[in-house]
Amino acid sequence: MLADPSPLLLDGRLVPAADGRTFPTIDPATEEVLGHAADASAGDLDRAVAAARRAFDGTGWSTDVALRARCLRQLREALRRHADELRELTIREAGAPRFLTFGAQLDAPVEDLGWFADLAESYAWETDLGRAEPMGMPSLRRVVREPAGVVAAVTPWNFPHQINLAKVGPALAAGNTVVLKPAPDTPWCAAALGTLAAEETDLPPGVLNVVTSSDHALGARLVADPRVDLVSFTGSTATGRAVMRAAAEHLKKVFLELGGKSAFLVLDDADLKAACSYAAFAGVTHAGQGCAITTRLLVPRDRYDEAVEITARTLGRLGPGDPHDDSTVCGPVISARQRDRVEVYLELALKEGGRFACGGGRPADRDRGFWIEPTLVTGLAADARAAREEIFGPVLVVLPHDGDDDAVAIANDSPYGLSGAVHGGDPDRARAVARRLRTGTVSVNGGVWYGADVPFGGYKQSGIGREMGVAGFEEYLETKAIAEGTT
Ligand code: NAD
């Protein structure tokens with residue numbers, strides 16, 4: 001399905017970079033070079049944006065709902081047809097544990113394309129506000145929703161299909177054209193999408209462009225391009241700030257999905273064993289490389305030692321392991337750079353007075369690949385940097401709380417507000433605590449909020465706007481009011 005080197009998708013054609021440059025994509029579990037991807041230059045990006053602009057301004061794409069729905073369903077079919085290859089690719093390129101590819105790492109976002117096709121068909125594109133006489137002028141008023149235009153979609157490496165498709169799906173369903181710039185660590189997942197879009201769908205030239213590059217500067221160039229109408233960005237909060245600054249120059253719409261340091265609250269009436277075991281599993285899934293992963297575990301002070309013991313015991317059983325194995329929960333981290341970043345935080349945690357109840361570094365039995373042991377940090381103050389900043393590795397920090405009010409205060413005392421979890425014996429009480437968390441999503445007693453129809457996003461420095469759901473679709477729309485004079 002995918003050529004090596006993988007091509008760019010520019011204006012409907014699968015092409016190499018104009019200057020022929022390529023860059024390697026690496027298996028993080030083995031450090032093996034999987035192959036190469038076209039390394040786009042500024043000139044290639046320029047062609048992609050020009051093609052997207054032409055397709056939006058000069059074709060019927062933006063108004064043809066039936067064509068859009070058909071193309072999205074064709075794309076879903078193509079991705080389904082190649083699911084086995086894509087599964088292996090995702091495991092190898094992103095280091096994603098196999099079990100996750102049956103959910104958010106592959107199958108779920110592929111199926112979600114159908115939800116966006118259905119939504120485009122059923123959506124109320126126009127609302128009749130009826131007749132009114134503002135300032136004595138009889139008028140027939142109508143509100144029309146229209147696509148925003150050319151969308152720059154810039155994505156990270158941790159859930160490549162989920163995040164690429166959660167942007168491409170609703171953006172195209174809404175009638176926009178897209179330039180997708182994926183992370184340099186996972187170019188093949190994006191190139192596979194571009195290849196299937198070109199070869200197995202009727203998507204008109206220029207509607208979807210996929211520009212892989214080893215250079216982060218290409219992302220910066222794309223979001224600053226005056227021909228782009230809307231920037232849809234997922235990545236770190238630091239980069240999100242740079243994106244917003246760049247977009248300010250032309251006052252583009254920006255939609256940001258950023259980092260998190262979400263809290264897992266165990267209330268004093270919870271089943272401690274069940275809650276802490278679940279927190280351990282949730283915290284190190286995909287080596288903790290999920291923006292919404294709950295990495296601050298808040299437990300009742302008088303049961304702190306017991307909670308540490310349960311959590312550490314579970315973490316000790318959770319790997320890290322070969323992502324190809326069905327039973328692996330915690331695979332490798334994506335790169336040497338990411339492993340080094342996690343290790344800096346582990347050192348910092350010790351300097352800040354923390355201790356490791358388990359893990360704390362690289363596993364002794366692996367000399368290839370980028371690995372960190374599932375780690376539980378105890379003894380930190382809630383305001384320690386390692387307890388407040390996003391680590392993006394398989395590292396949980398456990399903190400004591402003195403009851404529901406205190407737990408809520410600690411959870412909310414964060415620059416982030418992406419997600420959270422509450423476990424308690426009394427569902428009413430757990431629900432009430434969940435409502436007090438200032439986050440975009442909350443799980444109560446193991447509930448799963450992930451789904452095509454559920455808006456996902458953050459409060460505070462975790463982002464602006466929502467992805468998925470009707471709210472996510474509407475991020476890609478403009479609103480126009482039309483008033484017609486009448487008698
Ligand atoms: P990153 O911010 O380094 O990079 C993300 C993307 O932005 C990449 O494609 C990169 O090339 C591009 N980029 C880099 N500099 C840019 C610039 N100045 N202008 C425009 N684009 C630029 O993030 P990452 O390391 O790839 O991913 C990890 C981060 O992503 C974590 O902080 C994580 O929490 C966050 N994340 C958030 C969500 C969410 O939905 N909230 C989901 C997944 C990951």
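**Exercise 1. How many salt bridges does a search of the whole structure find?**

Solution. Bear in mind from the start that this is a predicted model. A search of the whole structure finds 38 salt bridges. To examine one of them, take the side chains of Arg-73 and Asp-118, which meet with a nitrogen-to-oxygen distance of 2.7 Å. The next step is to place the two partners along the chain: Arg-73 belongs to helix H2 (residues 65–81), while Asp-118 belongs to helix H5 (residues 107–122), and the two are 45 residues apart, so that the pair links distant parts of the chain.

**Exercise 2. Describe how the two domains of the protein chain meet.**

Solution. Begin with the division itself, in which domain 1 covers 8–258 + 463–485 and domain 2 covers 262–451. The centres of domain 1 and domain 2, taken over C-alpha atoms, are separated by 31 Å. Next, turn to the residues in contact, where 32 residues of domain 1 touch 29 residues of domain 2. The size of an interface is often given as the accessible area lost when the parts come together. For domain 1 and domain 2 the buried area is about 2400 Å², with 60% of it on carbon and sulfur atoms. Finally, look for charged pairs across the boundary: the count between domain 1 and domain 2 is one salt bridge.

**Exercise 3. Work out how helix H1 and helix H8 pack against each other.**

Solution. Two packed helices are described by the angle between their axes and the distance between the axes. The axes of helix H1 (residues 42–58) and helix H8 (residues 217–224) come within 11 Å and cross at roughly 35 degrees, and the crossing is right-handed. The contact is made by Ala-42, Leu-45 and Val-49 from H1, which meet Leu-218, Arg-221 and Leu-222 from H8. Sorting these residues by character gives five nonpolar, no polar and one charged.

**Exercise 4. Locate backbone features that depart from the usual pattern.**

Solution. Most residues other than glycine have a negative phi, and most peptide bonds are trans. With this in mind, consider the bond between Asp-4 and Pro-5, which is cis with omega about 0 degrees; Pro-5 lies in the segment before strand S1 (8–10). A cis bond also runs from Gly-319 to Pro-320, with omega near 10 degrees, and Pro-320 sits in the loop between helix H11 (304–316) and helix H12 (336–351). As a last step, examine Leu-251, whose phi is positive, near 50 degrees, although the residue is not glycine; Leu-251 is found in the loop between helix H9 (237–248) and strand S11 (253–257).

Key
Residues are numbered from 1 along each chain as its sequence is written. This is a predicted model: local features need pLDDT of at least 70, side-chain atom pairs count only at pLDDT 80 or more; totals for chains, interfaces and linings use all residues. Side-chain values use heavy atoms; hydrogens and water are left out. Axes are lines fitted to C-alpha atoms, for helices over the stretch in contact, and angles run from 0 to 180 degrees between N-to-C directions. Helices (H or I, at least four residues) and strands (E, at least two) are DSSP runs, numbered from the N terminus. A crossing is left-handed if the near helix is turned anticlockwise from the far one by less than a right angle, and right-handed if clockwise. Contact means heavy atoms within 4.5 Å. Ala, Val, Leu, Ile, Met, Phe, Trp, Tyr, Cys and Pro count as nonpolar, Asp, Glu, Lys and Arg as charged, and the others, Gly among them, as polar. Domain bounds come from an automatic or database domain assignment. Buried area is the accessible area (1.4 Å probe) that two parts lose on being put together, summed over both. A salt bridge is a side-chain nitrogen of Lys or Arg within 4 Å of a carboxyl oxygen of Asp or Glu.
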